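Work through the exercises below with the coordinates open. Try each task before reading its solution.

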Amino acid sequence: MVVAEAPLAGALKKALEARRAAAVVTAEPAALDDATRRAALFEAVKAGPDWRGIVFSPGPDGEPGDAALATSRRIVALLKDVSRQDATVQTPPPLWMLTRGAPIGLPGDAEAGLGAAAAWGIARVLALEVGPLWGGVVDCDGAPEAAADALLAELGGRQVQAVYRAGAPRAAPAAGGDARRSTAERAGGGADHRRLCRRRPAIARALVDRGARRVLLAGRTALPPRGAWRDLPADHPAAERVAAVLDLEARGAAVHPLAVDVGDRAALFEALDGYAALGYPPIRSVVHSAGVLRDAMLVRMGEDDLETVLRPKLGGALNLAAYFAERPLDLLAFFSSLTAVVGRVGQTSYAAANAALDGLAHTLRARGVPAVSIDWGPWGEVGMFSRLDASQARSVARPMSTARGVEAFARVVAAGLVQPVVADFQHLPDAPLFADLPREPAAAPVADEGGGGGGEPLLELFLLDERDRPDAIAAHVTQLVASIFRSAPADVNTRQPLSNIGLDSLMAVEVAQGVRASYGVQLPIQDIFTLSVRGLAERVADGVELDEAALEALLAEVEAMPEDTPNDDPPKGDHR
């Protein structure tokens, strides 16, 4: 199946048929907007001799925000339908995405659409979340025939992220910034979304301490009348924001709280025009940190999840960029997320919004606007990651202190970077962006990849009372997960879904291989992402075969194993 605009679809169809594809069904991207048309498309594909895969390429962009939302919705709808279809086909067809000149900051790149940028953000989540349903993403410039050649050069790879320029593969540009590594020390993930705005006062304090004398603090909710501030109880919803205003004033700044939804262009323009009409000095620096989370596995995403997340994050940035298009700025800073470049299970909407935000920064910088989009890792004292218990999440990056975050912000702005990644890494993500950085040696494999039974753990189950088997399986699976996470078994939260404690797609494959090797049970990748260790143990207990025939086969396998004998002979080879 090829979903692309007509010229590109034709080029892909011709190239695939030249590689002996039995039949290629094509459709335009708009066909994915209607459930009936999608169903007819899938029926046409399944009527063919063999369903080998899907290629999706976003259509040409219209309005930037609309394009990002439309592309994101089409990808989600397509993957949802594929997940429903895969039970009716022998091998689930992988999805490949082909974008055209996504704004990723390579020298010589022209401006491109934000739909392609959003697609790359989603791709990084799909690589972690949908397992065998994901093939890869390729970006290229040039004619449709060149794009088709670039995609075909990558087909058959595993979780590909490739960029082609002028027909040749190119490395994606490395992000600058503060990307430190440390030895693993488990730290929290993300929770209380109301705390997202707490980074704003921290950054505002830093700007005031560096000489800013007037600060406009915009937010959706108005503060109480100033006369009521003194009597606000500590648990009042506005208490922390009031305290932030008073703190900035004590530092010598004039503070203007502004109640406005940055995602509403008309309301934002009216509010900013009203501020300017009062005769205040013009605004010279803008920091946009608004955002909303609506996390869900892709197959469980609701109809409005994408729009709910994209509107304040990307829509607000587009509105600010439009307002200040003819007004000189010293800085236009967007607060993006590490999720945009490495993905995170359950954050399809958030990755799309932030990747599009990164793309917008590249586009604006190409126009001469001093824009920067900072892909932040978690902050430990403020922001969305500040209230999770250390046992609730395992992230590629540990939360940084507010002081470190503020320091990094100042360094990023001074360096003039466009899309820096700022994070305190526990271990480097498996992503092209970090490919050239040194890594610790990989851990030894935890389990053999062979099929069939597994030997000792399964034999132990035979020897246990039936009532003790679930606990034994849970202990073994905990040990398996701990070895993959390079942590102690006692540190593994056995009641949290594995996706909540930092499982990525490669780890999920290791878990599946380990369970299969130990118990002969093949667990779906989707179950490994969504279940806890306890839940996995229950699935294994339900699937393991403990009848007499299985016991006889296992004993025969054990008896056929060669004896362990010491070998004192030196290894063969040249020992000069």
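**Exercise 1. Place one residue**

Find the helix that holds Ala 266, then decide whether Ala 266 is buried or exposed.

Solution. Start with the secondary structure: Ala 266 sits in helix H8. Bear in mind that the model is predicted. Next, take the relative accessibility, which is 57% for Ala 266. The cut-off for exposed is over 50%. Ala 266 therefore counts as exposed. Last, look across to Asn 319. The two residues, Ala 266 and Asn 319, are 53 positions apart in sequence, and their C-alpha atoms are 9.0 Å apart in space.

**Exercise 2. Classify the packing of H8 and H9**

Determine how helix H8 and helix H9 are oriented, and list the residues in contact.

Solution. Step one is the geometry. H8 covers residues 265–277 and H9 covers residues 305–323. Their axes lie 10 Å apart, at an angle of about 45°. That angle makes H8 oblique to H9. Step two is the hand: H8 and H9 cross in the right-handed sense. Step three is the contact. H8 supplies Arg 265, Leu 268, Phe 269, Leu 272 and Asp 273, while H9 supplies Leu 318, Asn 319, Leu 320, Ala 322 and Tyr 323. Sorted by type, the residues of this H8 and H9 contact are 7 nonpolar, 1 polar and 2 charged.

**Exercise 3. Repeat for H14 and H17**

Classify the packing of helix H14 and helix H17 in the same steps.

Solution. H14 spans residues 469–485, and H17 spans residues 533–543. The axes are 9 Å apart, and the angle is about 125°. Angles of 65 to 115 degrees would be roughly perpendicular, and over 145 roughly antiparallel. H14 and H17 are therefore oblique to each other. The crossing of H14 with H17 is right-handed. From H14, the contact takes in Pro 470, Asp 471, Ile 473, Ala 474, Val 477, Thr 478 and Val 481. H17 answers with Val 533, Arg 534, Leu 536, Ala 537, Val 540 and Ala 541. The H14 and H17 contact divides into 10 nonpolar, 1 polar and 2 charged residues.

**Exercise 4. Trace the sheet**

Write down the strand order of the 7-stranded open sheet, and identify the strands at its edges.

Solution. The order is E2-E1-E3-E4-E5-E6-E7, with mixed pairing. The edges are held by E2 (26–27) and E7 (168–170). Each has a single partner strand, so one side of each lacks a neighbour in the sheet.

Now check the pairs. E1 (residues 2–3) runs parallel to E3, joined by 2 bridges. Val 3 has Phe 56 of E3 as its bridge partner. E3 (residues 54–56) pairs with E4 in the parallel sense over 3 bridges. There, Val 55 is partnered by Trp 96 in E4. E4 and E5 (residues 134–140) are also parallel, with 6 bridges. Leu 95 is opposite Trp 134 of E5.

**Exercise 5. Explain the burial of E4**

Why is strand E4 described as largely enclosed?

Solution. Count the residues under 20% relative accessible area. E4 runs over residues 95–100, and 5 of its 6 residues are buried. E4 is therefore largely enclosed by the rest of the structure.

For the wider setting, turn to the protein chain. Its 576 residues are 49% buried. The chain contains 18 helices and 15 strands. Among its contacts with a separation of 6 or more, 76% join residues 24 or more positions apart.

How values were computed. Residues are numbered from 1 along each chain as its sequence is written. This is a predicted model: local features need pLDDT of at least 70, side-chain atom pairs count only at pLDDT 80 or more; totals for chains, interfaces and linings use all residues. Side-chain values use heavy atoms; hydrogens and water are left out. Buried means under 20% relative accessible area, exposed over 50%, partly exposed in between (1.4 Å probe, protein chains only). Helices (H or I, at least four residues) and strands (E, at least two) are DSSP runs, numbered from the N terminus. Two strands pair if DSSP finds at least two bridges between them. Axes are lines fitted to C-alpha atoms, for helices over the stretch in contact, and angles run from 0 to 180 degrees between N-to-C directions. Angles under 35 degrees count as roughly parallel, over 145 as roughly antiparallel, 65 to 115 as roughly perpendicular and the rest as oblique. A crossing is left-handed if the near helix is turned anticlockwise from the far one by less than a right angle, and right-handed if clockwise. Contact means heavy atoms within 4.5 Å. Ala, Val, Leu, Ile, Met, Phe, Trp, Tyr, Cys and Pro count as nonpolar, Asp, Glu, Lys and Arg as charged, and the others, Gly among them, as polar.
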